[in-house]
Amino acid sequence: MTETEIEDFLQKVESGLQEAHHNMLVEKALHNRSVVVSDGKGNVLEIPARQILAQ
């Protein structure tokens, strides 16, 4: 693969991951569910999906 093909592939993968993440949040918000995330400092947080989508 050329450098351009690799960059295009990586861009498509990143785009697909973002779309899947968004779809997961929408589905959880429809059912009033929360998402478990890390705050980057090692702490685990449970945040409502609707709150994440609102940001």
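**Close-up 1. V44, an exposed residue in strand β2.** In this predicted model, V44 is part of strand β2. Is V44 buried or exposed? V44 has a relative accessible area of 64%, and the cut-off for exposed is over 50%, so V44 counts as exposed. Leaving out residues up to four places away in sequence, V44 touches V36 and V37. Now look for E14: V44 and E14 are 30 residues apart in sequence, and their C-alpha atoms are 25 Å apart in space.

**Close-up 2. The hairpin made by β1 and β2.** Strand β2 covers residues 44–48, and five bridges join it to β1. The two strands run antiparallel. To find your way across the pair, start at V36, which stands opposite E46 in β2. How many residues sit between the two strands of the hairpin? There are five, and G40 in the turn has a positive phi of about 90 degrees.

**Close-up 3. S34 and its contacts.** S34 sits in strand β1. With a relative accessible area of 28%, S34 is partly exposed, because that value falls between the cut-offs of 20% for buried and 50% for exposed. Which residues does S34 touch, if you skip those up to four places away in sequence? They are K28, E46, I47, P48 and A49. Pick out P48 from that set: S34 and P48 are 14 residues apart in sequence, yet 4.0 Å apart in space, C-alpha to C-alpha.

**Close-up 4. A49, a buried residue in helix α2.** Helix α2 spans residues 49–54, and A49 belongs to it. A49 has 0% relative accessibility, so A49 counts as buried. What surrounds A49, once its neighbours within four places in sequence are set aside? A49 is in contact with L25, K28, A29, R33, S34 and V35. One of these, A29, is 20 residues from A49 in sequence but 5.0 Å from it in space, C-alpha to C-alpha.

**Close-up 5. N32, in the loop after helix α1.** N32 follows α1 and lies in the loop between α1 and β1, the strand of residues 34–38. Check the backbone here: N32 has a positive phi of about 55 degrees, although N32 is not a glycine. Why look twice at that? Most residues other than glycine have a negative phi. N32 is also exposed, because its relative accessible area is 59%.

**Close-up 6. Helix α1 from end to end.** How many residues does α1 have? It has 28, and the helix reaches 41 Å from its first C-alpha to its last. That is close to the 40 Å expected at 1.5 Å a residue. Along the way you'll meet H22, which is found in α1. H22 counts as partly exposed, because its relative accessibility is 42%. For a sense of distance, try L45: H22 and L45 are 23 residues apart in sequence and 19 Å apart in space, C-alpha to C-alpha.

**Close-up 7. A nonpolar patch on the surface.** Which residues make up this patch? They are M1, I6, F9, L10, V13 and L17, and together they have about 620 Å² of accessible area. Zoom in on L17, which is found in α1, the helix of residues 3–30. L17 counts as exposed because its relative accessibility is 53%. Here's a handy rule for reading a helix: an α-helix has 3.6 residues a turn, so residues three or four places apart point the same way. Keep that rule in mind as you look along the patch.

Conventions
Residues are numbered from 1 along each chain as its sequence is written. This is a predicted model: local features need pLDDT of at least 70, side-chain atom pairs count only at pLDDT 80 or more; totals for chains, interfaces and linings use all residues. Side-chain values use heavy atoms; hydrogens and water are left out. Patches are made of residues with over 30% relative accessible area and no salt bridge: like charges are joined within 9 Å, nonpolar side chains (Val, Leu, Ile, Met, Phe, Trp, Tyr) within 5 Å. Accessible areas come from the Shrake-Rupley method with a 1.4 Å probe; for residues, only the protein chains shown count as cover. A salt bridge is a side-chain nitrogen of Lys or Arg within 4 Å of a carboxyl oxygen of Asp or Glu. Helices (H or I, at least four residues) and strands (E, at least two) are DSSP runs, numbered from the N terminus. Buried means under 20% relative accessible area, exposed over 50%, partly exposed in between (1.4 Å probe, protein chains only). The expected span of a helix is 1.5 Å times one less than its number of residues. Two strands pair if DSSP finds at least two bridges between them. Contact means heavy atoms within 4.5 Å.
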